[in-house]
Amino acid sequence: MSITTIRRACIIDDDRLYVSLIKMLINKNKLAQELLIFENGKQAFDYFESALESGNIDVLPQVVLLDLNMPIMDGWEFLEALEPYADKLKACCLKLNVVSSTINPEEMTKARNHDIVNDFITKPISKDAMISAFKA
Amino acid sequence: MQNNNEINLQDALEDETYFLNEIATMTQTGGYGCNLNTGAITLNFGSRHLLEIPHDYTVDIENVSRFFSNKKIYKKLIGDSLKGLSSILDLEMYKFDGERLWVRFNCHPYMQDDEVVGLRGVFTSVDRYIKNTQEVENAALVIKAQNERLVHFAHILSHNLRSHASNLQLTLQTFDDVKEPGEIEVFNSYLNDISFSLNQTLHHLNEVVTINTQLKIKENIDIEAIFNNVLLEFDEDIKAINATIKYDFAELLSIEYVPSFLESVFRNLISNAIKYRDVERPLEIVVKTKSKNKRKLLVIKDNGIGIDLKRHAGKLFHMYRTFHTNDDARGVGLFLVKSKVEALGGDISVKSELGKGSTFSIRFE
């Protein structure tokens, strides 16, 4: 599988060990030049909102790996908060992937059918799944 | 003589009054009649018996409404009858002493020259059936809530175990070609973290599972003694942050409860109050017991950061994923408290205002 390096990737997840592992995988396989990391939906949304409101879309990531189960603002609430910006986000080719260890079929379908969501990936995320998530 | 006996027997066997009385007794039924010209109300023996009305008490159109718990229904019944309409419905009555009684009640207008001049009908007790239905409905609600918690619990269980399994798999994958001693050290530390978290998860899960399986032996316990014991565990924290803790158990000094459950309630709520204190002001926790009518309450109030209940009310007592490497057991504590309180037939509720503090109320059974 050929590997593309994107400019900026974003991880929204509260599991620190998982985040450090993904970080290693991304760096090792040169999947992204830059990495944004947020511990919960609220931190990520604040970043996205200020970028979108100020028209500074250059700072937005190209690929997002979003966890569902997080404190303060969970993945669903984050998606809901982003809803008003759905068109803008699609226009700048953002690929948002939900990555979760949920095995609840309802949640999986809900994620796959979500307007902004590109794909649902089950944890543990394999190296191959990572690479394909980063492919244009 | 022979003939007379035969006639008496036949009369007795066909006696309508006897049948009516037996039906009234067996079905707990009473009859009434109301003369609209005079306002007089006649109650038969069955009615007086059912509503436990003394023989010397006169019921008339002025005072009869006292026997109906819902005045609107009473007025509609009278109104409909005056229009010449018959009614039959289930309604709640008051006995003479105020005790409630569900009856099936009918009312027919009595006409003379196209005018309603009287009302009459019967009512029969359906109290037993209504109460049984209510009990079944309540039991169904409890079962439904328990079932929802079990489903939720199964999801969390699989979610948490999968998180650790997935981190383990990811770690092995990421470090598959590691040879550098420095990297091996990192690799080992990750394995250590995962093993620690997995153990912690199993410990929490074990605690949840045993709530409903272990024998729950209630003892008469001194609430203040339990409280002070738990408080000792937080001694250092309390001194370090200069917190004030006030308590007053005068209204309810002791209770029949599982000692370890009450300890757990205190431990979790105090630990939360410390964890979510407002750094702007010194923490103050007020703990009280209350005893109102048959209700026994424990109230724990703090002046911490508070909880945004509009956003979190639904999942506040839910267990969500917190058992990972962050070592932050938020969510688990409240889930455990709720499960323990409910396992003993009580419940827990919370009131809170952001920036002001939170008040947790535990109702013991």
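**Exercise 1. State how many residues each chain brings to the contact between chain A and chain B, and which helix of chain B gives the most.**

Solution. The contact takes 19 residues from chain A and 21 residues from chain B, where two residues are in contact if their C-beta atoms, placed from the backbone, lie within 7 Å. This is a predicted model, in which local features need pLDDT of at least 70 and side-chain atom pairs count only at pLDDT 80 or more, while totals for chains, interfaces and linings use all residues. Residues are numbered from 1 along each chain as its sequence is written, and chains are lettered from A and ligands numbered from 1 in the order in which they are written.

Next, take the elements. Helices (H or I, at least four residues) and strands (E, at least two) are DSSP runs, numbered from the N terminus. On the side of chain B that touches chain A, helix H5 (127–174) and H6 each supply at least two residues. H5(B) gives the most, with twelve residues.

Last, sort that side of chain B by class: four residues are nonpolar, 13 polar and four charged. Here Ala, Val, Leu, Ile, Met, Phe, Trp, Tyr, Cys and Pro count as nonpolar, Asp, Glu, Lys and Arg as charged, and the others, Gly among them, as polar.

**Exercise 2. Find the elements that supply the largest nonpolar core.**

Solution. A nonpolar core is a set of buried Ala, Val, Leu, Ile, Met, Phe, Trp, Tyr and Cys residues joined through C-beta atoms within 7 Å. A residue is buried if 20 or more other C-beta atoms lie within 10 Å of its own, exposed if 12 or fewer, and partly exposed in between, with C-beta atoms placed from the backbone.

The largest core has 40 residues, and A:Ile12, A:Ile22, A:Val64, A:Leu66, A:Phe78 and A:Leu82 have the most contacts inside it. Elements of chain A that each supply at least two residues include strand S1 (6–12), helix H1 (16–28) and strand S2 (32–38); helix H6 (181–213) of chain B does so too. H1(A) gives the most to this core, with six residues.

**Exercise 3. Describe how H2(A) packs on H3(A).**

Solution. Begin with the axes, which are lines fitted to C-alpha atoms, for helices over the stretch in contact; angles run from 0 to 180 degrees between N-to-C directions. The axes of H2(A) and H3(A) are 9 Å apart, at an angle of about 20°. The two helices are therefore roughly parallel to each other; angles under 35 degrees count as roughly parallel, over 145 as roughly antiparallel, 65 to 115 as roughly perpendicular and the rest as oblique.

Then name the residues. A:Gly41, A:Ala44, A:Phe45 and A:Phe48 in H2(A) meet A:Gly75, A:Glu77, A:Phe78, A:Ala81 and A:Leu82 in H3(A). By class, this contact has six nonpolar, two polar and one charged residues.

**Exercise 4. Locate the cis peptide bond and a residue other than glycine with positive phi.**

Solution. The cis bond joins A:Lys123 and A:Pro124, with omega about 0°. A:Pro124 is in the loop between strand S5 (117–122) and helix H6 (127–133) of chain A.

In chain B, B:Glu52 has a positive phi near 50°. B:Glu52 lies in the loop between helix H3 (45–51) and helix H4 (71–82). B:Glu52 counts as exposed, because 11 C-beta neighbours lie inside 10 Å.
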